[in-house]
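Biologist: Before I use any of these labels at the bench, I would like to hear the grounds for each of them. Please show me the model.

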Amino acid sequence: MASNSRPKPVIQLDHVAKSFPVTRGLILKKQVGRVRAVDDISFEILEGETFSLVGETGCGKTTTARLILRIETPTAGRVLWEGADVHQLSGSRLKDFRTSVQAVFQDPWSSLNPRMRVGSIIMEPLLYHRRLSRAEAKAQLETLMQDVGLHPHQADHFPHEFSGGQRQRIAIARALSLRPQVIVLDEPVSSLDVSIRAQIMNLLRNLQKRFGLSYLLIAHSLATARHMSNQVAVMYLGKIVERAPSRDLFDDPMHPYTQALIASSLPLRPDSSHPEPPVVGEVPSPIDPPAGCSFHPRCPFAMERCRQETPELRELKPGHWVACHLY
């Protein structure tokens, strides 16, 4: 009998929302509204796979990552790790979670202590979280540096002595040091030279295969998401408007926003003599979002229903979810 080969989820978001108060006044502050940075989203990150969140600046991608990392607390919903709400963890379970879920941020320069040598930066989690002796940590340091393509003799150097791509490799080595299940990659290559981006993406993919890592990838670049991802979700004003396996989403985008987003960077049909128009207009204010479908002011296919009724995210094909009244 064939077994179910679907990987198990390692992180699950269950109707998660996050809003921030908007205040006016310097001394007597008065709340005048709320920003819905993340608005009722659900998805799961599977073991050994990459789940990507893409969309324009301000759509809620980074806030979602911060909710998973416990940097922010959700207004509603739950973030689950091994079946437990991560925002209710304490004691040893919280320590286990912090060990199992690591992050690599956009700018490695801001996440590396400029006063510490690289060896100390990478060994610090080994000494304080895994309680290794300095000799054991130093032995693992050499392996970690080799894993990310650095030479062990560079351990005595300071971060400023490395290039941007090398600093990102240091950040990846530090994240790997605790043998995590999940690494949150927040725009990991966007600050790097184009010539270096492919090297770092290939490194991340190779490490994923070797260690069975799961990634949450936050990306502006659709090319990066396409190259790295198993699943992709498109966010707009805090909501997921389309979610599908990577190949399905890029080969057959269904939501008008996804279509326009892809067309603005990659042609939907390379043989077409009339390329699709890019996204037009400005993103509405998150303080006062439009009624109905939040994309309708910019959508060329908007109907009266779109102005009044918020579309639900529905599965239109196996694994392909879309929130649009066109379907």
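Modeller: This is a predicted model. The lining of the largest pocket divides into 14 nonpolar, six polar and seven charged residues.

Biologist: What makes a residue such as Asp or Lys count as charged there?

Modeller: Asp, Glu, Lys and Arg are counted as charged. Asp39, Asp40 and Lys239 are among the residues closest to the centre of the largest pocket, together with Thr310 and Pro311. Asp39, Asp40 and Lys239 therefore fall in the charged group, while Pro311 counts as nonpolar and Thr310 as polar.

Biologist: How much space lies in the largest pocket, and which strands each supply at least two residues of its lining?

Modeller: The space is about 620 Å³, and 27 residues line it. Strands E2 (30–46) and E10 (239–245) each supply at least two of them; the largest share, six residues, is from E2.

Biologist: What lines the second largest pocket?

Modeller: That pocket has a volume of about 390 Å³ and a lining of 15 residues, with Arg98, Val101, Gln102, Ala103 and His129 nearest its centre. Nine of the lining residues are nonpolar, three polar and three charged. Helices H2 (91–100), H4 (118–128) and H6 (164–176) and strand E6 (101–104) each give at least two residues. The largest share, three residues, belongs to E6.

Biologist: E6 also turns up in the sheet. Why is one side of E6 left without a neighbour there?

Modeller: The sheet is open and has eight strands, in the order E6-E7-E8-E3-E9-E10-E12-E11, with mixed pairing. E6 and strand E11 (314–317) stand at its edges and have a single partner strand each, so one side of each has no neighbour in the sheet. From one strand to the next, the twist averages 25°.

Biologist: How do you know that E7 and E8 count as a pair?

Modeller: Pairing needs at least two bridges between the strands. Strands E7 (residues 182–186) and E8 (residues 214–219) are joined by five bridges, so they qualify, and they run parallel. Opposite Val184 stands Leu216 of E8.

Biologist: Which helix packs on the sheet and touches E3, E7 and E8?

Modeller: Helix H7 (residues 194–211) does, and its direction makes about 160° with that of E8. Helix H1 (residues 61–68) lies across strands E3 (50–54), E7, E8 and E9 (231–236), at about 150° to E8.

Biologist: What makes you say that H4 is mostly covered?

Modeller: Eight of the eleven residues of H4 are buried, and the cut-off for buried is under 20% relative accessible area. Those residues are Val118, Gly119, Ile121, Ile122, Met123, Pro125, Leu126 and Leu127. The buried residues of H4 pack against helix H5 (134–147) and H6.

Biologist: Why is Arg131 called exposed?

Modeller: The relative accessible area of Arg131 is 62% and exposed means over 50%, so Arg131 is exposed. Arg131 lies in the loop between H4 and H5. Its phi is near 55°, a positive value in a residue other than glycine.

Biologist: What is notable about a positive phi?

Modeller: Most residues other than glycine have a negative phi.

Biologist: And how do you know that Arg179 counts as exposed?

Modeller: Its relative accessibility is 60%, set against a cut-off of over 50%, so Arg179 counts as exposed. Arg179 is in the loop between H6 and E7, and its phi is also positive, near 55°.

Conventions. Residues are numbered from 1 along each chain as its sequence is written. This is a predicted model: local features need pLDDT of at least 70, side-chain atom pairs count only at pLDDT 80 or more; totals for chains, interfaces and linings use all residues. Side-chain values use heavy atoms; hydrogens and water are left out. On a 1 Å grid over the protein atoms alone, a cavity is a set of points where a 1.4 Å probe fits but cannot get out, and a pocket is an open set with protein on both sides within 12 Å along at least five of seven lines; lining residues have an atom within 4 Å of a point. Grid points are joined across faces, edges and corners, and a volume is the space filled by probe spheres set on the points. Helices (H or I, at least four residues) and strands (E, at least two) are DSSP runs, numbered from the N terminus. Axes are lines fitted to C-alpha atoms, for helices over the stretch in contact, and angles run from 0 to 180 degrees between N-to-C directions. Contact means heavy atoms within 4.5 Å. Buried means under 20% relative accessible area, exposed over 50%, partly exposed in between (1.4 Å probe, protein chains only).
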